[in-house]
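Please open the model in your viewer and keep the selection panel at hand. The tour below moves from charged contacts to aromatic ones and ends at a helix.

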Amino acid sequence: MLAAMPSAFPARLHVLLARSAPTAVVLRRGPSRSVCSLLWDRRADAFRLGQWLRGRIYERRADLSPDGRYLIYFAMNGRWKGEAGGAWTAVSRAPWLKAISLWAKGDCWHGGGMFVADDRYWLNAGCGHRAVREAREVRRDALFRPAGGYGGECPSVYYPRLLRDGWTLADARDKSCFVFEKRLGWGWILRKRAHAEIGAPPGRGCYWDEHELEHPATGKRAEHPSWEWADLDGDRLVWAEAGRLHAAAIRRSIGEPRLLHDFNDMMFEPRVAPY
């Protein structure tokens, strides 16, 4: 790939792990109006580019089907008179972004959704969507309702997705920072502080995460404010930092970090989905 022009900030990464397949989709953002999707083969730690979008994907309102075949996401390009209304929810065949189901939104309230089965999804439909097309291979579940009530923006999908995927809500007293925890094994706890605030630090959006590791039995604790995403992948810890994806083995001590991929040197390139 061609080298990117120097940027004030590294690429921003968010990862959607398939729950019953060894795959994932990486959403890579940067500059702010360019985003791409990549397929991550978690067995081989190999990465394959899907598509680029000139616009914004709200990664916290996205999800991957349990078998890794389908992606649901909410996006905005500001073309308010276009077919998708300038902001839309799409279901695509991962890792591609071309919609097989398309719901025009026209604003940035609600949108996106979660998968409730390999071929069924919940549409975060508050404030209305307009169906442009609906695929037969994957269907909307109109009866499902996620637990909680986290407003009309990113937490409305993100927090229920975390709870579904094995995180527990440890602290919700400060509405601008919800604290989630996940047990990693060997006594380790991964803690995620999910921020929702105006006036976030430079290089962060309104919604951003930071992390820490704790081993209560030994008193070990390490803060990782620069980890923008982190989770458990089998018996290893995986995280995104400064546009790079890393992994480390989980034992009595966390192993040495291993770089899986550096996503910084990427530039927009038009790609056509194979469907």
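A salt bridge is taken here as a side-chain nitrogen of Lys or Arg within 4 Å of a carboxyl oxygen of Asp or Glu. The model is a predicted one, in which local features need pLDDT of at least 70 and side-chain atom pairs count only at pLDDT 80 or more, while totals for chains, interfaces and linings use all residues. Residues are numbered from 1 along each chain as its sequence is written, and side-chain values use heavy atoms, with hydrogens and water left out.

**Charged pairs**

Begin by selecting Glu137 and Arg93, whose side chains meet in a salt bridge with an N to O distance of 2.7 Å; a search of the whole structure finds 22 salt bridges. Glu137 lies in the loop between strand E12 (130-133) and E13, and Arg93 in strand E8 (residues 87-93), so this contact ties together parts that are 44 residues apart in sequence. Helices (H or I, at least four residues) and strands (E, at least two) are DSSP runs, numbered from the N terminus. For accessibility, buried means under 20% relative accessible area, exposed over 50%, and partly exposed in between, with a 1.4 Å probe and protein chains only. Glu137 is partly exposed at 32% relative accessibility, and Arg93 is partly exposed at 29%.

Next, select Arg191 and Glu212, which form a salt bridge at 2.3 Å, N to O. Arg191 belongs to strand E16 (residues 188-196) and Glu212 to strand E17 (residues 207-215), so the pair joins parts that are 21 residues apart in sequence. Arg191 is buried, with a relative accessible area of 10%, and Glu212 is buried as well, at 1%.

Stay with these strands and add Lys192 and Asp209, a salt bridge in which the closest N and O atoms are 3.9 Å apart. Lys192 is in strand E16 and Asp209 in strand E17, 17 residues apart. Lys192 is buried, at 1% relative accessible area, and Asp209 is buried, also at 1%. To see a wider set of charges, select Glu181, Arg191, Arg193, Glu212, Glu214 and Arg221, which are linked in a network of salt bridges.

**Aromatic rings**

Rings of Phe, Tyr and Trp (its six-membered ring) pair if their centres lie within 6.5 Å, and planes under 30 degrees apart count as stacked, over 60 as edge-to-face and the rest as tilted. Twelve aromatic pairs are found in a search of the whole structure. One of them joins Tyr150 and Tyr159 edge-to-face, at 5.2 Å centre to centre and with 80 degrees between the planes. Tyr150 also pairs edge-to-face with Phe178, at 5.9 Å centre to centre and 80 degrees between the planes. This second pair links distant parts of the chain, with Tyr150 in the loop between strand E13 (139-140) and helix H1 (155-164) and Phe178 in strand E15 (residues 177-185), 28 residues apart. Tyr159 is buried at 3% relative accessibility, and Phe178 is buried at 7%. Select Tyr150, Tyr158, Tyr159, Phe178 and Phe180 together to display one aromatic cluster.

**Helix H1**

Finally, select H1, where eight of the ten residues are buried, so the helix is largely enclosed by the rest of the structure. Among the buried residues of H1 are Pro155, Val157, Tyr158, Tyr159 and Leu162. Just after H1, look at Gly166, whose phi is positive, near 100 degrees.
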